[in-house]
Amino acid sequence: MSHPTRNPTSASRTSSGPHVALLAVQVIFGTWPVMGKIALRVVPSAGLVAIRVGGAAVAFLLLLGLRGRLVIPERRDLARLALYSLLGVVLNQFLYIKGLSLSTAVNAALINATIPVFTLLVGALLGRDRLTPRVTLGTLVAAAGVVYLIDPLRASLGGDTMRGNLLLVANTLCYGAYLAVSQDVFRRYGALTAMTWLFAM
């Protein structure tokens with residue numbers, strides 16, 4: 001009996017697809033502070049937030065509709081989705097863009113690097129992650145970097161850059177908390193459905 005042969009080209013595409021997508025995400029994520037500063041020259045921060053959130057909601061709804069997978073969340077998940085939307089979309093977008101408008105693209109990129117730290121801390125507080133000595137050391141080093149960047153001893157609380165940095169730190173805390181607590185709805189509904197409702201709410 002002959003066995004079906006596996007197309008090596010198809011297998012290669014399947015294995016490389018996620019890596020290409022992850023690389024594209026990192027490029028977009030890494031260049032966003034610079035592109036955001038350029039956009040803020042002509043669009044106010046509130047307007048840019050509305051464009052990003054509204055545009056993403058429409059795009060997700062269209063994509064979900066085209067795939068024929070429009071799933072209505074269960075009633076017991078609505079409050080949870082609203083909380084995740086507040087943390088991961090509303091506060092995340094507003095705090096980040098407002099902070100970026102007051103701070104610099106370099107500061108925004110550096111502070112963004114602390115998102116995994118806050119995700120881990122929130123996960124540990126909720127009992128979902130464990131803080132090993134190595135992880136704890138890395139967390140302390142990252143936190144020290146943020147404190148150094150903000151420079152609370154010499155910076156004026158009235159300075160725009162200082163306020164911008166604090167807003168950016170608040171953004172990373174909100175987004176880290178969102179990443180730590182939202183995994184349940186992504187597992188149950190799938191990434192596309194969960195993201196659609198988070199942006200549409």
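**Legends to the close-up views**

**View 1. Y175 is partly exposed, with a relative accessibility of 23%.** The model shown in this and the other views is predicted. Y175 shares helix α7, residues 160-181, with Y178. Three residues separate the two tyrosines, about one turn of the helix. The partner, Y178, counts as buried because its relative accessibility is 5%, below the limit of 20%. In the chain as a whole, which has 201 residues, 33% of the residues are buried.

**View 2. Nine helices make up the secondary structure of the chain, which has zero strands.** Read from the N terminus, the order of elements is α-α-α-α-α-α-α-α-α. The views that follow show details of several of these helices.

**View 3. F60 and F199 form one of three aromatic pairs that a search of the whole structure finds.** The ring centres of F60 and F199 are 5.5 Å apart, and with 40° between the planes the pair is tilted. The pair links distant parts of the chain: F60 belongs to helix α2, residues 45-66, and F199 to helix α9, residues 191-200. Along the chain, F60 and F199 are 139 residues apart. F60 is partly exposed, at a relative accessible area of 22%. F199, in contrast, counts as buried, since its relative accessibility is 13%, and the limit for a buried residue is 20%.

**View 4. The rings of Y175 and Y178 form a tilted pair.** Their centres lie 5.4 Å apart. The planes of the two rings meet at 35°, so the pair counts as tilted. Both residues are in helix α7, with Y175 partly exposed and Y178 buried.

**View 5. R52 lies over the face of the ring of W32.** The distance from R52 to the ring centre of W32 is 4.1 Å.

**View 6. Helices α3 and α7 cross at roughly 160°.** The axes of α3, which spans residues 75-102, and α7 come within 8 Å. The angle makes α3 roughly antiparallel to α7, because it is over 145 degrees. The contact of α3 with α7 involves 15 nonpolar, six polar and three charged residues. The crossing of these two helices, α3 and α7, is left-handed.

**View 7. Helices α2 and α3 pack at an angle of about 140°.** Their axes are 9 Å apart. At this angle α2 and α3 are therefore oblique to each other. The crossing of α2 and α3 is right-handed. Helix α2 is also the helix that holds F60 of the aromatic pair in View 3.

**View 8. M35 and A105 are 70 residues apart along the chain, and their C-alpha atoms are separated by 8.8 Å.** M35 lies in helix α1, residues 8-39. With a relative accessibility of 47%, M35 counts as partly exposed.

**View 9. A109 and T31 have C-alpha atoms that are separated by 8.7 Å.** Along the chain, A109 and T31 are 78 residues apart. A109 is part of helix α4, residues 105-112. The relative accessibility of A109 is 39%, so A109 counts as partly exposed.

Definitions and conventions
Residues are numbered from 1 along each chain as its sequence is written. This is a predicted model: local features need pLDDT of at least 70, side-chain atom pairs count only at pLDDT 80 or more; totals for chains, interfaces and linings use all residues. Side-chain values use heavy atoms; hydrogens and water are left out. Rings of Phe, Tyr and Trp (its six-membered ring) pair if their centres lie within 6.5 Å; planes under 30 degrees apart count as stacked, over 60 as edge-to-face and the rest as tilted. Helices (H or I, at least four residues) and strands (E, at least two) are DSSP runs, numbered from the N terminus. Buried means under 20% relative accessible area, exposed over 50%, partly exposed in between (1.4 Å probe, protein chains only). A charge sits over a ring if NZ of Lys or CZ of Arg is within 6 Å of the ring centre and within 35 degrees of the ring normal. Axes are lines fitted to C-alpha atoms, for helices over the stretch in contact, and angles run from 0 to 180 degrees between N-to-C directions. Angles under 35 degrees count as roughly parallel, over 145 as roughly antiparallel, 65 to 115 as roughly perpendicular and the rest as oblique. A crossing is left-handed if the near helix is turned anticlockwise from the far one by less than a right angle, and right-handed if clockwise. Ala, Val, Leu, Ile, Met, Phe, Trp, Tyr, Cys and Pro count as nonpolar, Asp, Glu, Lys and Arg as charged, and the others, Gly among them, as polar.
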